[in-house]
Amino acid sequence: MSLEITIHEQSCRGCELCVDICPTKVFELDKEKLLCTVKHSEDCIACLSCAYICPSGAISHRDFHLVKNFYRDQAFCEKMEKFL
Ligand code: SF4
Ligand code: SF4
């Protein structure tokens with residue numbers, strides 16, 4: 001199943017923070033409605049930056065594959081320390 005991005009229209013305040021932060025330009029602002037819309041969900045890399053930055057908590061994702069950031073894995077960092 002492919003990734004799904006939902007913007008809850010009633011929560012969106014059109015601030016464009018998600019438009020600005022998305023590295024792959026998934027969103028566009030609907031200038032008439034002053035609401036953000038999902039234009040290219042196929043380009044989403046599931047970084048979740050948009051969901052974190054949205055002040056209204058209006059963005060949600062489904063069926064995404066989360067890649068674990070190895071540099072945040074404490075056990076891995078401890079193993080690597082001896083090489084630094
Ligand atoms: S960051 Fe949230 S409130 Fe702002 S435009 Fe995007 S979805 Fe709407
Ligand atoms: S999860 Fe990342 S790539 Fe996907 S829409 Fe949000 S900011 Fe863009």
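I started with ligand 1 in this predicted model. I found 14 residues around ligand 1, and the closest are Cys-12, Cys-15, Cys-18, Cys-36 and Cys-54. I sorted that shell by residue type and got 10 nonpolar, 2 polar and 2 charged.

I then turned to ligand 2. Its surroundings come to 13 residues, with Cys-22, Val-26, Cys-44, Cys-47 and Cys-50 the closest. I sorted this shell as well: 11 residues are nonpolar, 2 are polar and none is charged.

Next I looked up the core. The largest nonpolar core holds 11 residues. Among them I noted Cys-12, Cys-18, Cys-36 and Cys-54, which are also listed as closest to ligand 1. Cys-22, Val-26, Cys-44 and Cys-50 belong to that core too, and these appear among the closest residues to ligand 2. The remaining members are Phe-27, Ala-58 and Ile-59.

I took Cys-12 for a check of contacts. Beyond its neighbours within four places in sequence, Cys-12 touches Ile-7, Leu-35, Cys-36, Ser-56 and Ala-58. Of these partners, Cys-36 and Ala-58 are core members.

Last, I looked at the protein chain as a whole. I counted 3 helices and 4 strands, in the order β-α-β-β-α-β-α along the sequence. The radius of gyration is 16 Å, well over the 12 Å that the globule rule gives for 84 residues, so the chain is more spread out than a compact globule. The C-alpha trace spans about 55 × 30 × 20 Å along its principal axes. I noted that 13% of the 84 residues count as buried. For contacts with a separation of 6 or more, 51% join residues 24 or more positions apart.

Methods:
Residues are numbered from 1 along each chain as its sequence is written. Chains are lettered from A and ligands numbered from 1 in the order in which they are written. This is a predicted model: local features need pLDDT of at least 70, side-chain atom pairs count only at pLDDT 80 or more; totals for chains, interfaces and linings use all residues. A residue is near a molecule or strand if its C-beta atom, placed from the backbone, lies within 6 Å of it. Ala, Val, Leu, Ile, Met, Phe, Trp, Tyr, Cys and Pro count as nonpolar, Asp, Glu, Lys and Arg as charged, and the others, Gly among them, as polar. A nonpolar core is a set of buried Ala, Val, Leu, Ile, Met, Phe, Trp, Tyr and Cys residues joined through C-beta atoms within 7 Å. A residue is buried if 20 or more other C-beta atoms lie within 10 Å of its own, exposed if 12 or fewer, and partly exposed in between; C-beta atoms are placed from the backbone. Two residues are in contact if their C-beta atoms, placed from the backbone, lie within 7 Å. Helices (H or I, at least four residues) and strands (E, at least two) are DSSP runs, numbered from the N terminus. The radius of gyration is taken over C-alpha atoms; the globule rule is 2.2 Å times the number of residues to the power 0.38.
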